[in-house]
Amino acid sequence: MKLSPAPREVRLAGAVTAVPSLALLVFGVIVLVNGLRSPAQPGNNVFAESGTFIVVALAFLAASAGLVLGQTWARSPGVVIALIVIGLGWYLLGPSGLPAWGVPVALFGIAALVLLFRRPSRAWALDLREGETETEAAERGGLAGRRAEREGHEED
């Protein structure tokens with residue numbers, strides 16, 4: 001598989017979003033193991049709870065891997081992951097009263113968001129050409145426009 005020419009910022013954002021994704025996966029496994037060790041309680045379905053954490057973690061890891069590999073489809077899910085992680089950091093910092101956990105978690109989300117919105121990342125997502133503005137790239141369709149042009153030339 002050939003890597004796309006994604007900028008360093010995009011690949012770093014993938015690595016940064018992978019950290020909380022892996023933590024969520026570990027948490028889901030811990031919930032499952034602890035739930036299987038303790039006696040069953042009415043209304044508590046440990047399989048649904050841990051399964052939800054594990055499935056979401058795997059989806060987050062897929063988007064993180066997409067960013068590391070330079071896949072443009074992964075940028076929007078990466079932004080969503082960053083926003084969720086920032087929200088989690090805020091919750092840990094404020095309502096949960098765990099600033100030792102909340103600050104680093106929020107910083108991971110903020111770092112990913114900043115990396116995904118830096119100029120090189122935006123230019124990559126829009127497939128910005130030399131001397132072209134972001135507005136011009138968006139008007140021609142960005143990466144989708146470039147792909148349509150390529151497919152049109154292949155048919156000739």
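User: In this model, which residues does A82 touch, leaving aside those up to four places away in sequence?

Analyst: The model is a predicted one, and in it A82 touches G109, A112 and L113, once residues up to four places away in sequence are set aside.

User: Which residues make up the largest nonpolar core, and which helices supply at least two residues each?

Analyst: As a general idea, nonpolar side chains in soluble globular proteins tend to be buried together. Here the largest nonpolar core has 12 residues in all, namely A6, V10, A13, V16, L67, A74, V79, A82, A112, L115, L116 and W124. Helix 1, helix 3 (75–93) and helix 4 each supply at least two residues of this core. There is also a second, separate core of eight residues, among them L24, F60, I81 and V85.

User: How many salt bridges does the structure hold, and which side chains meet there?

Analyst: The general idea is that side chains of opposite charge can pair when their charged atoms come close. The structure holds one salt bridge, in which the side chains of E9 and R118 meet at 3.3 Å, N to O. This pair links distant parts of the chain, since E9 belongs to helix 1 (residues 8–37) while R118 lies in the loop between helix 4 (99–117) and helix 5 (119–126), 109 residues apart.

User: Are E9 and R118 buried or exposed?

Analyst: The reading rests on relative accessible area, with buried meaning under 20% and exposed over 50%. E9 has a relative accessible area of 9%, and therefore counts as buried, whereas R118, with a relative accessible area of 42%, is partly exposed.

User: How should I read the crossing of helix 1 and helix 2, and why are they described as roughly antiparallel or roughly parallel?

Analyst: An angle between helix axes is judged against cut-offs, under 35 degrees for roughly parallel and over 145 for roughly antiparallel. The axes of helix 1 and helix 2 (residues 46–68) come within 8 Å and cross at roughly 165°, so the two helices are roughly antiparallel to each other. Their crossing is left-handed.

User: What does the protein chain contain as a whole, in helices and strands?

Analyst: The protein chain has seven helices and zero strands, and its elements, read from the N terminus on, run α-α-α-α-α-α-α. Of its 156 residues, 31% are buried. Among the contacts with a separation of 6 or more, 57% are accounted for by residues 24 or more positions apart, and the pairing of E9 with R118, 109 residues apart, likewise links distant parts of the chain.

Definitions and conventions. Residues are numbered from 1 along each chain as its sequence is written. This is a predicted model: local features need pLDDT of at least 70, side-chain atom pairs count only at pLDDT 80 or more; totals for chains, interfaces and linings use all residues. Side-chain values use heavy atoms; hydrogens and water are left out. A salt bridge is a side-chain nitrogen of Lys or Arg within 4 Å of a carboxyl oxygen of Asp or Glu. Helices (H or I, at least four residues) and strands (E, at least two) are DSSP runs, numbered from the N terminus. Buried means under 20% relative accessible area, exposed over 50%, partly exposed in between (1.4 Å probe, protein chains only). A nonpolar core is a set of buried Ala, Val, Leu, Ile, Met, Phe, Trp, Tyr and Cys residues joined through side-chain atoms within 4.5 Å. Contact means heavy atoms within 4.5 Å. Axes are lines fitted to C-alpha atoms, for helices over the stretch in contact, and angles run from 0 to 180 degrees between N-to-C directions. Angles under 35 degrees count as roughly parallel, over 145 as roughly antiparallel, 65 to 115 as roughly perpendicular and the rest as oblique. A crossing is left-handed if the near helix is turned anticlockwise from the far one by less than a right angle, and right-handed if clockwise.
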